[in-house]
Every structure is written in structure tokens, then in C-alpha cells.
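Visitor: I have a structure here and a list of labels for its parts. Can we go through what earns each label?

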Amino acid sequence: MTVLSLPEALPRAEQARIHAGILLLSGLAAQVALLIKLAAWESALITVALLILLFIAFFSGVYLARYRLLQRKSSLQQICLGFIISAAGLILLLVTLHGVHTVWSLLPGIIISGLGQGMVSTAVMKKDKNKWHRFYAAKLMATLLIIGVAVAVTAAVRLQSGFPGITGFPYAFALLVDIALFGALYVRIIELDDECLSS
């Protein structure tokens, strides 16, 4: 699988941030779709509460990423850390949905994954985003984002639907864990590669 490359004039670290943003929004959209689909087995009120909790955790992660200790890290290091935290939360959701669960048992996974996603979001938008538009069109960015979100949501929902009842949810959340870990690995490789080139 080839990762779409942006124009060479845009530094690789900036390209990695854009790709990380697309992965983040794709995984977040798929997670929201799965939580909404989980509503078929729970009440609509509970689903709304879970989604509100996810977004509160997300904005808490945005706030947490502004903490001075995290600001000392580079954007790519923050993105990697955020993706790892998000993957940990998604793994908690996966494990919880594998056995007998209650709505309350989903809360830790939702909170941790939301915190990690918020941290990634802050790191992706850390520098001047207008600089990106000098190198490629907003239409291309929108197209990449729409394709990424559509593919992630479709894959997660179809994977979940391939199993009876709620037994498919752990497999669908496992796909989201893969997306988060892929994002962390990708930015880490770019970061190490840049360090090798600069030394």
C-alpha cells in the first residue's frame, strides 16, 4: 500500500502531520458510527450520552496537549503519543465488548481514546495551517479526507455487520486500533528518518 505523497516542497514532517490528521478523522468518524450502531442494542439516550462523553474527552485531550511538559515534544512525538493513548482506549473498548458488558464498562475506553484523539488533533494543527494551502489545493485535502472517512466508516460497519448480534463490535474496534497504531508507527518512522537525514 502506498501512502499518497504531497508535493516535495512541503517538508516530510508536514506531510506526516496531514496524513495523521486524515487517519485521526477517519478513525474518529468510524468510532462515532460504531457507537451509533451500538445504539440499536441500547437506548438512544445512552448513545447520545456516550457520544457527548467522547467529545468531552476529545476536547479534554486538546486542552491536555497544551500542558507545558507535552509542548516540549515535537509535533510528531505528540502525534505518536496521542495515537498510542487512543489505541489503548480502543483496546479497552474491544476487550469490554468481547465479554458481558454494561454501558458503564464502556466509559474508560471512550474517555482514554477521546483524550488520545484530542492530543493528536492539537499536534496536527500546532503550526500555521495556512502554510499547507500554499503547497496544495483545499479541494485535494477535502477529497482525501472524504475518501479516508468513507473507507474507514464503511470498513468498520461492514466488519461489524458480518457477525450476528453484537459479536462483530470487537472486530470492528480492532480495525480502529489498527488505524491508530498505523498512525503512531507512520509518524515515528518519519521522525526517525528525518533524524537520520539531519545527522
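Guide: This is a predicted model, and we will set its values against the cut-offs.

Visitor: Why is R17 called buried?
Guide: Buried means under 20% relative accessible area. R17 has 2% relative accessibility, so R17 counts as buried.

Visitor: What makes R17 and E14 a salt bridge?
Guide: The cut-off is a side-chain nitrogen of Lys or Arg within 4 Å of a carboxyl oxygen of Asp or Glu. The side chains of R17 and E14 meet at 2.7 Å, N to O. That is within 4 Å, so the pair is a salt bridge. Both residues lie in helix α1, three residues apart. E14 is buried too, at 5% relative accessibility.

Visitor: How many salt bridges does the structure hold?
Guide: Two. E191 and R188 also meet in one, at 3.0 Å, N to O. They sit three residues apart in helix α8, so about one helical turn separates them.

Visitor: Is R188 buried or partly exposed, and how do you know?
Guide: Partly exposed lies between the 20% and 50% cut-offs. R188 has a relative accessible area of 35%, so R188 is partly exposed. E191, at 7%, counts as buried.

Visitor: What makes V48 fit for a surface patch?
Guide: Patch residues need over 30% relative accessible area and no salt bridge. V48 has 45%, so V48 passes the area cut-off. V48, I52 and I56 make a nonpolar patch of about 270 Å². V48 lies in helix α2.

Visitor: Which residues touch the most other members of the largest nonpolar core?
Guide: I79, F83, F173 and V187, out of 43 residues. Helix α8 supplies the largest share, eleven residues.

Key: Residues are numbered from 1 along each chain as its sequence is written. This is a predicted model: local features need pLDDT of at least 70, side-chain atom pairs count only at pLDDT 80 or more; totals for chains, interfaces and linings use all residues. Side-chain values use heavy atoms; hydrogens and water are left out. Patches are made of residues with over 30% relative accessible area and no salt bridge: like charges are joined within 9 Å, nonpolar side chains (Val, Leu, Ile, Met, Phe, Trp, Tyr) within 5 Å. Accessible areas come from the Shrake-Rupley method with a 1.4 Å probe; for residues, only the protein chains shown count as cover. Helices (H or I, at least four residues) and strands (E, at least two) are DSSP runs, numbered from the N terminus. Buried means under 20% relative accessible area, exposed over 50%, partly exposed in between (1.4 Å probe, protein chains only). A nonpolar core is a set of buried Ala, Val, Leu, Ile, Met, Phe, Trp, Tyr and Cys residues joined through side-chain atoms within 4.5 Å.
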